[in-house]
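Dear colleague,

I am passing on the structure below, which you have not worked with before. My notes on what was found in it follow underneath, and I would be glad if you read them with the structure open.

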Amino acid sequence: MVPCRQYKIAIVQLQTSCQLKDNLVKIEKFIRVAAQEGAKLIAFPEVMNIIDSHTPSYSESDGGETFRLLSRLAKTLGVYIHGGSWSETIPASKKHYNTSYLFDDKGIVVGKYRKIHTFDITDPSGQIYRESDTVTSGQEVVVVETPLGKLGFAICYDLRFPELHRLLALKGAEIIFNPSDFNLMTGKDHWEVLLRARAIENGVYMIAADQYGQNAKMLAYGNSLVVNPWGTVIARAGDGEQILYADIDLDGLAEIRNRMQTLENRQSEVYRLSENAQNVARNTDGK
Ligand SMILES: NC(=O)CC(=O)C(=O)O
């Protein structure tokens, strides 16, 4: 794909069930429609392929069924696809990660991110969530350079950690994905505020595809959003499953950054934010 500074993005809001096959059929339909409408990049929510209430009944390693479907469609339709997340299994260690994949327009994985902050909270109704019982935390901060801009990765609860987003911006991210299965109990008060804050603080687009409605885990908030680097919501989903479209303008982003200078005006003599040295080494090795 030739580099694009302005392009159309599609964000798919899903109500994923615990039936893998049904979900994959639906995902394929949404991708075909979005590509037909001219989207160059199509983004999905967290746990896009199956939602189970606790231990994943389906988890795949690289090259599994969901992976193959997205790779094939990205190549056939010539689009980038951000596979919001699914349960990734490491057969040797029996570990599970909550992992996002980015497929380029040739169907190759050009980005992979494992959710760092597991959702371990008690919500306002008293419901306890302990994602760390079944999911291992990722260890890498991931930004990839593509013809569609520099893309940074986060997943759902990661949104509450400004440090991660600042690191993504310092590593060059212009667009940050935050695929989610965001709880209605927290989302109604926090979702939009957090997304807009992360966008404003860092001068980035926030691309937030969310799950909608009752699923095996929780009542998901929906309200998938695209927020521009000024902090304005430029697209918002209504109720139910749907595709949202938004226009990305990387020249507009550069203009806002030139005026606001928040990344340059940090006082690194007074405070500093750094990645764990081991992880920096791993990233630069490209592993
Ligand atoms: N479900 C999540 O991981 C996050 C969430 O719902 C919240 O932070 O609130």
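A convenient place to begin is the hairpin formed by β4 and β5, which has 5 residues between the two strands and, in its turn, Gly-107 with a positive phi of about 85°. Please keep in mind throughout that this is a predicted model. Strand β4 covers residues 95–103 and strand β5 covers residues 109–114, and the two pair in the antiparallel sense over 5 bridges. Within this pairing, Leu-102 stands opposite Gly-111 of β5.

Stepping back to the whole protein, you will find 6 helices and 16 strands. The C-alpha trace spans about 50 × 45 × 40 Å along its principal axes. For 287 residues a compact globule would have a radius of gyration near 19 Å, and because the protein has 18 Å, the value agrees with that expectation. Buried residues account for 42% of the 287 residues, and of the contacts between residues at least 6 apart in sequence, 71% join residues that are at least 24 apart.

The other site to look at is the ligand, around which lie Phe-119, Cys-156, Tyr-157, Arg-160, Asp-181, Phe-182, Asn-183 and Thr-186. Sorted by character, the residues of this shell comprise 4 nonpolar, 2 polar and 2 charged.

With best regards

Notes
Residues are numbered from 1 along each chain as its sequence is written. This is a predicted model: local features need pLDDT of at least 70, side-chain atom pairs count only at pLDDT 80 or more; totals for chains, interfaces and linings use all residues. Helices (H or I, at least four residues) and strands (E, at least two) are DSSP runs, numbered from the N terminus. The radius of gyration is taken over C-alpha atoms; the globule rule is 2.2 Å times the number of residues to the power 0.38. A residue is buried if 20 or more other C-beta atoms lie within 10 Å of its own, exposed if 12 or fewer, and partly exposed in between; C-beta atoms are placed from the backbone. Two residues are in contact if their C-beta atoms, placed from the backbone, lie within 7 Å. A residue is near a molecule or strand if its C-beta atom, placed from the backbone, lies within 6 Å of it. Ala, Val, Leu, Ile, Met, Phe, Trp, Tyr, Cys and Pro count as nonpolar, Asp, Glu, Lys and Arg as charged, and the others, Gly among them, as polar. Two strands pair if DSSP finds at least two bridges between them.
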